[in-house]
Each structure stands twice: as C-alpha cells, then as structure tokens.
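Visitor: I'd like to go through this model and hear how each label is earned. Can you take me along, cut-offs included?

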Amino acid sequence: MPSYNAPIRDMQFVLHEVFNVSSELKKFKAYEDVDKDVINQILEEASKFATEVLQPTNQAGDLMGCTRNQDGSVTTPTGFKEAYAAYVEAGWPTLSCDSAYGGQALPQIINTVLYEMLNSANQAWTMYPGLSHGAYECLHAHGTVEQKNRYLKNLVSGKWTGTMCLTEPHCGTDLGLIKAKAEKISNDEYKITGTKIFISSGEHDLAENIIHLVLARLPDAPMGTKGISLFVVPKYQIENEVLSTQRNHLECGSLEHKMGIHGNATCVMNFDGAIGTLLGEPHRGLQAMFVMMNAARLGVGMQSLGLTEVAYQNSAQYAKDRLQMRSLKGPQAPKLAADPIIVHPDVRRMLLTQRAYAEGGRAFTYWIALMIDECAQEQDANRKQELEGLIALLTPVIKAFITDNAFEATNEGLQVFGGHGYIAEWGMEQFVRDARINMIYEGTNTIQSLDLLGRKVLGDMGAKLRKFGDIVKEFIEQEGVKKEMMEFIDPLNDLVEQVEKLTKEIGLKAMLNHEEAGAAAVPYLRIIGHLVYSYLFAKMARVALNQKGSNDRYYEAKLDVARFYFAKLLPETASLLVLARSGSKSLMSMDEALF
Ligand SMILES: Cc1cc2nc3c(=O)[nH]c(=O)nc-3n(C[C@H](O)[C@H](O)[C@H](O)COP(=O)(O)OP(=O)(O)OC[C@H]3O[C@@H](n4cnc5c(N)ncnc54)[C@H](O)[C@@H]3O)c2cc1C
C-alpha cells in the first residue's frame with residue numbers, strides 16, 4: 001500500500017525562501033496578519049488531515065468506486081463520507097473564502113498548498129470540494145445579491161457541494177454546439193432541459209445539496225458560443241432558507257465506468273425541466289463560466305502536482321529497499337545479496353525526473369497562486385492589468401505542462417517498481433490511471449496549447465509574453481554577472497532568445513496559414529513550460545547557493561535537482577524547437593480518405 005508524507009519543508013522552501021510569501025502578502029491590508037507562523041501552522045494541520053484521514057481512503061476508493069442506486073442516488077466508497085465530514089468539521093472548505101459568507105479570507109496560495117496535499121492523498125475525493133470551490137468562485141463573481149445569500153454560505157462551509165455542467169454527448173471542446181435549453185417561467189426562474197455527460201461529483205452522498213452550474217440556451221439565443229447562458233440549478237430548491245423535500249427535476253441517469261479516479265462519481269445528468277436561475281447576463285454564460293474553468297485549470301495542475309509528489313515518494317523509498325544487481329562501480333552494499341536499485345543510473349534518472357517535475361510544478365503553481373492573491377488586492381490599475389495578463393498567459397501552461405509531466409512522472413514511478421508497479425496492490429498503477437484524465441478534462445492539452453499560442457501570445461502580438469520575458473530578463477541581468485550562477489543563467493538566456501525568434505517565425509507563418517499555428521501549438525506550449533521551469537529552477541538554485549556553508553544538506557539536494565533539470569530535462573527543448581518549426585505540410589497533405 002502506498003504511503004504519503006506531506007513535503008512540508010519543500011513547501012516552506014518555495015513559500016518562504018523562494019517567494020517570501022508572507023512579506024509579499026503583508027503589502028496588502030487584507031493579509032497583514034498572515035505571517036510565517038500562521039502559514040506553517042496551517043501546513044502542519046493540513047498535513048495531518050491529508051495523511052491521517054484522507055490518504056487511507058485512496059486505494060480502497062479506487063477498488064470500490066461509486067455505486068448508483070436504483071433511486072438515482074449515488075454512494076461513494078467507504079470512508080469518503082466520513083473524511084468529508086471531518087474536512088467540513090475542521091473548516092477546511094472555508095480557508096480562502098470571503099468572510100462575508102463565513103470564510104476565513106486567507107490568501108489563495110494557502111488553499112493551493114492545501115490542495116497539493118489533498119491531491120497527493122486522494123485526487124478522486126478532492127474533486128468533490130475542488131469543484132465546490134470553483135462554483136463558489138463563479139457565484140461570488142457573477143451572482144446577484146439574492147443568489148449569493150442563498151448559496152454561498154453553505155458552499156463555503158462545505159455543507160453543500162457544486163458542479164460544472166458543460167459537456168453534452170455531442171460536444172465537449174466545442175461548447176458552441178450545446179443543445180440544453182432554458183425556458184423562462186417567471187421573472188427570475190427558468191426551466192432547464194437537456195442531458196449533460198461526464199459531470200464530476202454530479203451526484204453523491206457527501207452533502208445534503210448539490211448546486212449545479214449549467215450551460216444552456218435561451219429560446220432567442222444566437223447560434224454558437226455567443227448564445228450560451230449559465231444557470232444555477234440546485235438539486236433541492238431552497239425556500240426561506242429551508243431545503244425543499246421535493247427534489248428538483250434532475251437526476252443522475254448513470255455513472256461512467258472509467259480508467260481512473262474511481263472514487264469520483266462521473267455522472268450522466270438528466271435535466272428534465274429543472275428549475276434554476278440565470279447566473280450573469282443572458283448569452284454571456286461562457287464568460288461567467290470562465291471564472292470556474294480558470295480556477296479549475298489551476299486545480300487540475302494541483303491534481304497533477306499532488307500525484308507527481310506521491311509517486312516520487314513511493315518510488316524513491318522502493319528504490320532504496322529493492323535489491324537487484326550490482327552497481328556498475330562494483331558492490332555498494334557488499335553485505336547484502338545485491339545492491340539497492342537506487343545505485344543504477346537509469347533508476348536515478350526516473351527518480352530525479354519525478355522529483356524535478358514535483359519541485360518545478362510546486363514553484364510554478366505557488367508563484368501563480370501568489371500572483372492571483374496580489375491581483376485580487378492590487379489597487380494600481382496598470383499593475384493589476386499586468387498581473388491579469390501573466391495569469392492568463394500562464395494558466396494554460398499550468399494545465400497542460402504540469403499534467404503532461406505528471407503522466408510521465410507517475411509512469412516513471414511505476415517503472416521504478418518493475419513488475420510490481422504493474423500490480424494493483426502497490427498503488428503505483430492507480431497514480432498513472434488517475435493522472436491520465438488531467439490531460440483531458442478542463443479543455444484537452446491540445447486546446448490549452450491553441451489557447452496559449454493563438455489567443456494569449458499571437459492574439460495580442462506577444463504583449464503578455466514580453467511581460468513574462470521582462471521578468472526573466474531582469475533576473476538574468478541581476479544574476480548573470482555571478483560566476484556561480486552561469487551554469488543556470490546561460491541556458492535560460494539561450495532559451496529566452498530562442499522563444500523570441502520562434503514566436504516571431506510562427507506568427508509570420510500563421511498570418512499566411514492558420515494551420516501553421518495549429519501544427520506548432522503543442523511543442524510551443526512545452527517550450528514555454530520549460531522556459532518557466534528554467535527560470536524557476538535558476539531562482540531556486542540562487543536560494544540554495546546563498547546557503548553555501550550552512551551545512552544543511554537540504555540545499556545541496558536543491559542544487560542537485562536543479563542541475564539534473566538543466567542537464568537532463570531542459571535539453572528536450574532542442575527537439576521541441578525543431579518540431580515547432582517543422583510546419584503543417586506533413587500533417588495536412590495526406591488525403592482524409594487515406595486514413
Ligand atoms: C472523468 C471525466 C470527468 C469530467 N468532468 C467534467 C465535468 O465535471 N464537467 C463537464 O462539463 N465536463 C467534464 N468532462 C468532460 C471533459 O471536459 C471533456 O471530455 C473534454 O473537454 C473533451 O471533450 P470531448 O470529450 O467531447 O472531446 P472532443 O471535443 O470530441 O475532442 C476529441 C479530440 O479532438 C481534439 N480537438 C477538438 N477540437 C480541436 C481543435 N480545434 N484543434 C485540435 N484538436 C481538437 C481534442 O483535443 C481531443 O483530442 C469530464 C470528462 C471526463 C472523462
């Protein structure tokens with residue numbers, strides 16, 4: 001059975017030493033009390049919940065899965081309900097929510113760290129509170145006073161949960177094709193009719209009510225994405241703060257049988273004249289839903305970071321215990337029948353790949369979470385716009401780069417176990433199966449790449465990318481003069497120049513033929529991901545080098561991982577650059593009939 005220890009020191013390293021989070025947050029009145037001690041105390045408590053309460057439910061939850069009962073109700077695996085009750089009881093859902101609705105109003109970055117732990121412990125379970133938090137954010141941003149008063153308090157406390165209902169049988173990526181209908185029945189009420197599929201946490205037994213955010217079309221809606229509206233549709237209606245005993249006209253028609261995240265109920269949801277209210281403006285539902293989708297994209301990055309970390313921990317332990325063959329240098333453990341497999345170079349490659357992707361992903365997600373906190377509090381309009389641009393630019397990179405890396409990392413984790421990795425008992429194959437969905441939902445990774453290159457980079461003639469480039473260049477200027485940093489700064493500087501050249505080239509080619517952008521987008525996103533990681537690993541190396549002579553071997557490991565990243569993972573960009581330039585012709589020339 002796999003185990004998990006929250007990597008608190010690594011979390012603190014990024015929070016306190018790399019980003020000086022508490023002093024950054026102290027600039028804002030709302031966070032002036034959030035000091036290091038407060039953060040550390042929350043990490044300790046969160047770690048207890050994740051390791052002692054949640055992690056023990058993970059493997060059993062995978063084996064058992066969810067069950068749909070004859071009356072349409074859904075039973076989650078043994079232990080899920082109790083873990084959720086303990087989570088709510090301890091006030092975890094309230095952490096970064098508005099105090100006007102019972103939240104603790106702590107910064108998003110603390111919630112982000114909590115979610116890393118929850119996802120390492122049990123991704124399938126974490127999707128229930130994760131989607132609820134997204135629904136909270138969407139209602140908070142777009143709800144009327146009446147809607148906020150009706151729903152937010154119980155979403156914040158965790159008494160109710162939320163979902164996002166976008167996908168239909170004939171459309172997932174292309175939401176412009178949505179058919180679900182909304183018909184006005186009174187001043188503020190609508191009847192929603194249609195079928196939604198793949199709805200995560202659509203029905204379950206963890207909470208007394210489920211608040212569905214549903215995309216549907218009004219009768220006068222224009223075709224395409226400009227004709228979609230968003231509705232709040234509760235499982236049970238609320239009248240005068242009391243839950244109706246009559247269920248709304250919606251139900252879970254069936255559960256999907258799927259590759260991983262078995263403990264999360266993936267539901268076909270049938271809305272049959274269910275009563276709901278409009279959220280945001282008519283026909284502008286997608287814009288409103290984007291609040292939830294963007295939160296969810298960061299959330300999916302956290303899912304994959306969590307899985308990368310837990311796979312690394314288990315495979316590192318196994319590699320120290322498992323004895324096979326002798327080291328190429330001769331026996332390292334002569335008293336044992338063979339050496340532990342950690343002596344072998346390729347086993348170390350697999351371990352360090354996982355570790356580098358965990359450390360890079362942690363620095364990346366915490367950095368963006370800190371930007372989100374700053375952006376929420378910033379009063380200066382120019383700075384706010386700059387932060388919004390950076391967050392928008394890097395959100396698809398978080399979603400796609402971290403989830404692709406996690407699939408590779410969890411696979412490497414499985415491989416370290418040899419045949420035992422393929423056997424369910426060890427838990428490693430579950431991590432691979434769970435990690436696979438993260439590359440698909442919340443917009444597939446291809447769609448994230450098109451969003452990055454098409455909308456976020458070429459869409460504004462590279463303005464947002466240049467802002468990010470300025471941050472990196474400033475760091476290069478500061479650190480490039482220091483001899484001990486050259487091994488990190490040189491490749492970083494080289495990549496910045498390559499990205500500038502490549503972006504111009506693709507931009508020019510795409511003006512003549514849009515398919516050129518489509519063909520380049522996936523390798524382009526990976527290159528940007530590596531640009532982010534090489535900047536962050538150089539920053540982490542800077543912190544570690546500052547501790548030279550401290551005798552704390554922790555910093556030695558930080559430098560080792562950074563050096564591994566630059567030597568073994570970053571060079572992937574050489575082939576990615578070739579791929580990104582290789583054009584669309586070889587993809588598009590074969591006649592469809594010949595496939
Ligand atoms: C377990 C699970 C949980 C989910 N949870 C939810 C949920 O809670 N709520 C919800 O609404 N949905 C949910 N989904 C749906 C998920 O978001 C969609 O499956 C996903 O967005 C892809 O849509 P699709 O499956 O219709 O694939 P399609 O849109 O049919 O895409 C098929 C393939 O074509 C590619 N493609 C499509 N268009 C383009 C293009 N323009 N250029 C290049 N490639 C393209 C895609 O990248 C993909 O590889 C979930 C799905 C699963 C499996």
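Guide: Sure, starting with tyrosine 422, which lies in helix α11, residues 419–422 (helices are DSSP runs of H or I with at least four residues, numbered from the N terminus). Keep in mind that this is a predicted model, where local features need pLDDT of at least 70, side-chain atom pairs count only at pLDDT 80 or more, and totals for chains, interfaces and linings use all residues. Residues are numbered from 1 along each chain as its sequence is written, and side-chain values use heavy atoms, with hydrogens and water left out.

Visitor: Why does tyrosine 422 count as exposed?

Guide: Exposed means over 50% relative accessible area, buried under 20%, and partly exposed in between, with a 1.4 Å probe and protein chains only. Tyrosine 422 has 69% relative accessibility, so the exposed label applies.

Visitor: And what makes cysteine 97 buried?

Guide: Its relative accessibility is 2%, so cysteine 97 counts as buried. Cysteine 165 is buried too, at 0%.

Visitor: How do you know that the count comes to zero disulfides?

Guide: A disulfide here is a pair of cysteine sulfur atoms within 2.5 Å. For cysteine 97, the closest cysteine sulfur is in cysteine 138, 14 Å away, so that is too far for a bond. Cysteine 165 has its closest cysteine sulfur in cysteine 267, at 9.1 Å, and that is also too far. By this rule, the count is zero.

Conventions:
Helices (H or I, at least four residues) and strands (E, at least two) are DSSP runs, numbered from the N terminus.
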